[in-house]
Structures are given as structure tokens and as C-alpha cells.
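Q: I would like a close look at one part of this model's surface, followed by how it relates to the rest of the chain. Please keep to what can be computed from the atoms.

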Amino acid sequence: MPRISKPFDYEPVTPSGRNRSGEAETSFAGPAAEADGKETWVAEVQPSAERDTRVKAVTQGWKIRRGHGLSYLGLLLFTIILYFRPQEYYPSLAAVPIAFLAAVITLLAFVPTQFALEGNLTSRPREVNLILLLSVTALLSVPLAISRDDALKTLWDPFLKAVIVFIVIVNVVRTERRLKGMFYLAIAVTCFLSIGALNDYRLGNLTVEGYRIKGNISGGMFEGTNELGIHLVTMFPLLLALGFGARNIFGKLFYWAISLLALATIVITFSRGGFIGLVAVVATLAWKLRRRKRALVVLSVVLGTLMFALLTPGSYWIRVLSIFDPSLDAFGSSSVRSELLTQSFMVALRHPL
């Protein structure tokens with residue numbers, strides 16, 4: 001075996017072979033002990049075709065992950081517009097479909113880039129296959145709908161719009177840095193919504209049913225108080241997890257403080273769906289974390305539940321109990337939703353296809 005004066009930064013390989021010209025091709029795996037105790041770098045044989053394939057795969061993977069830079073910027077811009085709705089603060093923008101324009105720009109950047117990177121319109125992980133199958137099912141149901149006009153309208157908005165955005169996210173957000181960018185944007189809107197809602201509650205601006213806040217973004221994704229509650233419930237476990245994953249105490253305190261801010265805002269929305277979602281979130285987190293520190297998880301859940309019960313206003317619990325007793329709902333929305341749910345079951349049974 002030849003002696004090498006200095007190690008090379010090559011990945012170790014185990015198979016051996018010869019290149020296309022028939023000559024042995026070497027790569028350098030690591031030091032081997034000799035009788036005199038000195039290290040010798042041993043050359044091993046590596047097939048040229050296999051090495052080229054591996055290098056090509058690594059390079060292609062790097063290009064795919066780092067590609068879609070313009071698409072990612074367009075996705076961020078589109079999401080910012082959906083979240084913050086600048087047309088509500090600047091009436092001059094109301095006549096301009098800025099969200100639609102941002103979506104078109106994102107797609108114009110995404111489609112050719114995706115074809116250049118992978119030669120197709122989308123990668124096909126299981127989640128994409130399932131949502132495409134669901135889309136085909138929804139499309140086939142339109143001719144059988146009682147109202148085809150309503151079915152087409154619902155199929156396009158919001159269903160297919162959400163599917164398109166989902167596919168763009170799957171293909172564009174492929175690095176941890178990009179994923180964190182989306183997280184930070186969602187956290188920013190969470191803080192904005194929570195601070196505004198708590199301030200309205202403090203000032204007595206209870207414009208929904210006389211005891212619920214409306215929020216400082218009242219359209220689009222947060223058209224109603226319940227939508228606000230569901231968004232906060234979605235963010236609550238994410239904030240807790242980011243706190244657990246933070247490397248220093250300041251990061252942990254930062255994320256956990258925002259999670260408490262979101263929790264307080266969930267309460268003042270008086271959203272029954274938000275409460276049910278919160279219970280599901282806490283139960284899921286406790287189930288996931290039980291294997292590591294079961295005693296700590298049980299103690300945290302018990303103390304957290306007691307603190308939550310003691311600090312929330314009595315009117316909140318009346319609202320929650322109206323889930324089981326509709327007579328406690330002064331505005332009758334519980335009864336209306338129960339009747340609508342029953343009617344939907346009857347329609348589905350009469351028209352199963």
C-alpha cells in the first residue's frame with residue numbers, strides 16, 4: 001500500500017473496483033497502524049461510476065434545498081399580506097388585489113424553478129399524494145352536489161387555493177432556516193394579535209356579543225373571534241416546543257412568555273373551539289413527553305390546570321359549559337350549530353356520493 005504524507009478530506013468507502021480505463025482508482029479512508037507505531041493513510045479502491053453518482057446526488061440535493069430563493073421570498077410576502085392585511089390600514093390599497101398579485105408572482109417564480117430543479121411540478125412525498133387524491137375526490141363530487149355553483153365556489157376558494165399554497169410550501173421550505181423564517185413570521189403575528197386583543201379587553205372594547213373581543217385584524221384569516229382562537233391554539237404547542245428546544249435560558253423565557261400571552265388571549269376570545277383545541281394540545285404534548293420525565297409532566301399538567309382554572313373569569317366557564325348545556329348560551333349559537341351538524345348528517349345520508 002502506498003504511504004500518504006497527509007490525510008485527504010474524502011469520505012471513507014468500502015467497495016473496491018477499477019475505473020473505465022481498467023486502472024485502479026484510489027480514495028483515502030483513514031489511518032492504519034503499522035508495526036513501527038506510525039500512522040499510514042491507506043488507499044482503498046473506489047469505483048468511478050459509484051463515486052460520480054454519489055457526488056451528483058449530493059450536489060442535486062444541495063441545489064434543491066438551496067433553490068427556490070425567489071419563490072421563498074414571494075411566499076413570505078404572500079403570507080405577510082394574508083396575516084397583517086395592510087389594506088385595512090391603508091384604504092388606498094383596498095382596490096388593489098395585493099394578495100392575488102403576490103400569489104401570482106410567487107407561482108411565476110416557483111413553476112419554472114421547480115421544473116429546472118426536479119423536472120416536475122412538485123415533489124411527491126406521501127402528504128402531497130394524499131392531498132392530490134383528496135383534490136380529485138372533491139372535484140368528482142361537484143357534479144353530484146345539490147348546488148353545483150356553491151360546490152364549485154367552495155372547491156376553488158378556499159380548498160384548491162389552500163392546496164396550491166401547501167404544495168408550494170412543501171417544495172420551497174426545505175431547509176431549517178427557511179422553516180424558522182415561517183415560524184418567526186407566525187410568531188410575530190401571534191404577538192401582534194395577542195397584544196391588540198388584550199388591550200381591547202382591558203379597555204372594554206367588547207364588540208362581539210357584548211363580552212368578546214374582535215381583534216385588531218378583523219378580516220381574512222381572522223374574520224371572526226373563533227378563527228383568532230384557533231390560530232392561537234395552533235401556535236401554543238409550537239411556542240412551547242421552541243422553548244424546550246432553545247439552547248439558552250433567554251430563548252426559553254422568550255418563547256414561553258409568548259406562549260403565555262397566546263394562552264391569555266385564547267381565554268378572552270371565549271372560543272369553545274379554542275378550548276377544545278387547547279385540551280387536545282395539552283393532552284398530546286403530555287403523551288409525547290411522558291417517556292422522558294413522567295413525574296414532571298404529570299406535575300406540570302396538574303399545576304397548569306389548577307392555575308388556568310383559578311385565573312380564568314367565571315363567564316369563561318359558563319361559555320365552556322354551554323358546549324354541554326345549550327341553555328347557558330345567551331345568543332343561541334350553540335343550538336344553531338347543533339342543528340346545522342344534524343342537518344349535515346342527514347344530507348350526507350340522503351346523498352352519500
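Which residues make the nonpolar surface patch of about 510 Å²?

A: The patch is made by Leu107, Val111, Phe115, Leu121, Trp156 and Ile164. The model is predicted, so local features need pLDDT of at least 70 and side-chain atom pairs pLDDT 80 or more, while totals for chains, interfaces and linings use all residues. Numbering runs from 1 along each chain as its sequence is written, and side-chain values use heavy atoms, without hydrogens and water.

Patch members have over 30% relative accessible area and no salt bridge (Lys or Arg side-chain nitrogen within 4 Å of an Asp or Glu carboxyl oxygen); nonpolar side chains are joined within 5 Å, like charges within 9 Å. Areas are Shrake-Rupley values with a 1.4 Å probe, and for residues only the protein chains shown count as cover.

Helix 3 (98-118) and helix 5 (148-172) each supply at least two patch residues. Helix 3 gives the most, with 3 residues. Helices here are DSSP runs of H or I with at least four residues, strands E runs of at least two, numbered from the N terminus. Leucine 121 lies in the loop between helix 3 and helix 4 (126-141). With a relative accessible area of 45%, leucine 121 is partly exposed, because that class lies between buried (under 20%) and exposed (over 50%).

For the chain as a whole, the exposed area is about 22700 Å², of which carbon and sulfur atoms supply 67%. Of its 353 residues, 31% count as buried. The chain has 12 helices and 2 strands, and both strands precede the helices along the sequence.

The interior offers a counterpart to the patch. The largest nonpolar core (buried Ala, Val, Leu, Ile, Met, Phe, Trp, Tyr and Cys joined through side-chain atoms within 4.5 Å) has 40 residues, and Ile187, Phe308 and Tyr316 have the most contacts inside it. Among the elements giving two or more residues to this core are helix 5, helix 6 and helix 8 (249-269); helix 7 provides the largest share, 8 residues. Beyond four places in sequence, isoleucine 187 is in contact (heavy atoms within 4.5 Å) with Met235, Leu239, Leu242, Tyr255 and Ile258.

Threonine 190 lies in helix 6 (residues 176-203) and is buried, at 1% relative accessible area. The side chain of threonine 190 makes a polar contact with that of histidine 231 at 3.1 Å; such contacts pair N or O atoms within 3.5 Å, one able to donate a hydrogen and the other to accept it.

Definitions and conventions: Buried means under 20% relative accessible area, exposed over 50%, partly exposed in between (1.4 Å probe, protein chains only).
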